[in-house]
Amino acid sequence: MSQASTPVILELKNLKRHFKVGGDKTLKAVDGLSFTLHQNEILGLVGESGCGKSTLGRTIVGLWDKTEGDVIYQGETLPVSYTSKDYKRFSREIQMIFQDPYSSLNPRMTIREIVAEGPMIHKLWKSSEIDVKVGSWLKLVGLAPDHMSRYPHEFSGGQRQRIGIARALALEPKVIVCDEPISALDVSVQAQVINLLGELKNKMGLTLIFIAHDLSMVRYVSDRMIVMYLGKMVEMGPSNEVFFRPQHPYTQSLIASNPMADPQFERDRVRTGMTGEIPSPINLSPGCRFAGRCPKATERCHQEEPKQTSVGKDHVVSCHLF
């Protein structure tokens, strides 16, 4: 897909989401992200647990207040802090599919009530047409219309995630933030959900932000990829370019850690790259946030924060090596 031929639907400008954690301590979950999202594009967001991916998604849809920076949707700057009126207005435009298909569905509501709740709040459906509408959405995500009378506990994890997808789609939004929608599912079900999202994107013209920690899965599903580390974007570019020609040492280490479907190769492979655990994002030291784990770090890396540098067409990296 050519970005030049498609309009920008969402733009982030220096977006930050910080949390006060007592005294003068600040947790910088998202710390100055800027990027554009084009219409009918799938943008992958990848990184280790704790890098700020989910916080970014929740800040975009208004579940978290913005500490600084802007989220601009179709030319309109979204509110710093959402009111009930803002939620009602923008939930029709931007929706979210949550990570956990078990806790994201109300166990006391039937599937009919769950899928119809949004459209009924917005007065998009009449009471007389709920059954037909819910049935059509369930059918679209691969479930039977007669499932609508059941409760969430009567379904498997993969079926619950399909219900979550139907709930998000029922408002017919233009942008959907998918917060690790397959991480809680069996491997056999993950491919089904990924293929379903791809089909719905093509059929409905959806624009998706796909959050995950599996680079190979993000490469498969997305047009572009952003790699995050401790609230910062370290690399961004076309998914195949980032995956097969990674430039940042962190991206290289993530890809090197991916297992290959070859037992002999895995037995003989020499493990190299980063060591240790991701540090606490509270009161971070100056310099590159990856410097303490980077095998290529220099003294400059520990003192000075790197700026974004272009390393190819639509491919940028934040690293002093460039």
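Residues are termed buried when their relative accessible area is under 20%, exposed when it is over 50%, and partly exposed in between, as judged with a 1.4 Å probe on protein chains only. The structure is a predicted model, in which local features need pLDDT of at least 70 and side-chain atom pairs count only at pLDDT 80 or more, whereas totals for chains, interfaces and linings use all residues. Residues are numbered from 1 along each chain as its sequence is written, and side-chain values use heavy atoms, with hydrogens and water left out.

By the accessibility criterion, His-147 counts as buried because its relative accessibility is 12%. His-147 is located in the loop that connects α4 (130-140) with α5 (157-169), where helices (H or I, at least four residues) and strands (E, at least two) are DSSP runs numbered from the N terminus. When residues up to four places away in sequence are not counted, His-147 touches Ile-111 and Phe-155, contact being defined as heavy atoms within 4.5 Å.

The strands were next examined for pairing, which requires that DSSP finds at least two bridges between two strands. An open sheet of eight strands, with mixed pairing, follows the order β6-β7-β8-β3-β9-β10-β12-β11. At its edges stand β6 and β11 (308-312), each of which has a single partner strand, so that one side of each is left without a neighbour in the sheet. Neighbouring strands of this sheet are turned against each other by 20° on average, direction ignored; axes are lines fitted to C-alpha atoms, for helices over the stretch in contact, and angles run from 0 to 180 degrees between N-to-C directions. The helix α5 packs on the sheet, where it touches β6 and β7 (175-179), and its direction makes about 175° with that of β6. Helix α9 (residues 249-256), in turn, lies across β9 (224-229) and β10 and runs at about 105° to β9.

Within this sheet, strand β8 (residues 207-212) runs parallel to strand β3 (residues 42-46), to which it is joined by five bridges, and β8 is also joined to β7 by five bridges, again in a parallel arrangement. Ile-42 has Leu-208 of β8 as its bridge partner, while Gly-44 stands opposite Phe-210, and Phe-210 is likewise the bridge partner of Cys-178. Six of the six residues of β8 are buried, and the strand is therefore largely enclosed by the rest of the structure. In a regular strand, side chains alternate between the two faces of the sheet. Both faces of β8 are covered, with Thr-207, Ile-209 and Ile-211 buried on one side and Leu-208, Phe-210 and Ala-212 buried on the other.

Antiparallel pairing is found between strand β1 (residues 8-20) and strand β4 (residues 68-73), which are joined by five bridges, with Glu-11 standing opposite Ile-72 of β4. Strand β4 is further joined by two bridges to strand β5 (residues 76-77), also antiparallel, and Tyr-73 has Glu-76 of β5 as its bridge partner. In the hairpin of β4 and β5, which has two residues between the strands, Gln-74 takes a positive phi near 50°.

Internal space was analysed on a 1 Å grid over the protein atoms alone, a cavity being a set of points where a 1.4 Å probe fits but cannot get out, and a pocket an open set with protein on both sides within 12 Å along at least five of seven lines; lining residues have an atom within 4 Å of a point. Grid points are joined across faces, edges and corners, and a volume is the space filled by probe spheres set on the points. The largest pocket has a volume of about 520 Å³, and among its 23 lining residues Ser-91, Gln-95, Phe-98, Arg-167 and Leu-171 lie nearest its centre. At least two lining residues are supplied by each of α2 (84-90), β6 (94-97), α3 (111-121) and α5, with α3 giving the most, at six residues.

The second largest pocket has a volume of about 230 Å³. Of the 16 residues that line the second largest pocket, Lys-232, Met-233, Glu-305, Pro-306 and Ser-318 are the closest to its centre, and the elements that give two or more residues to this lining are β2 (26-38) and β10 (232-238). A search of the whole structure finds one cavity of 30 Å³ or more. The largest cavity holds about 70 Å³ of space and is lined by 13 residues, of which Pro-249, Cys-288, Cys-294, Cys-301 and Cys-319 lie nearest its centre.
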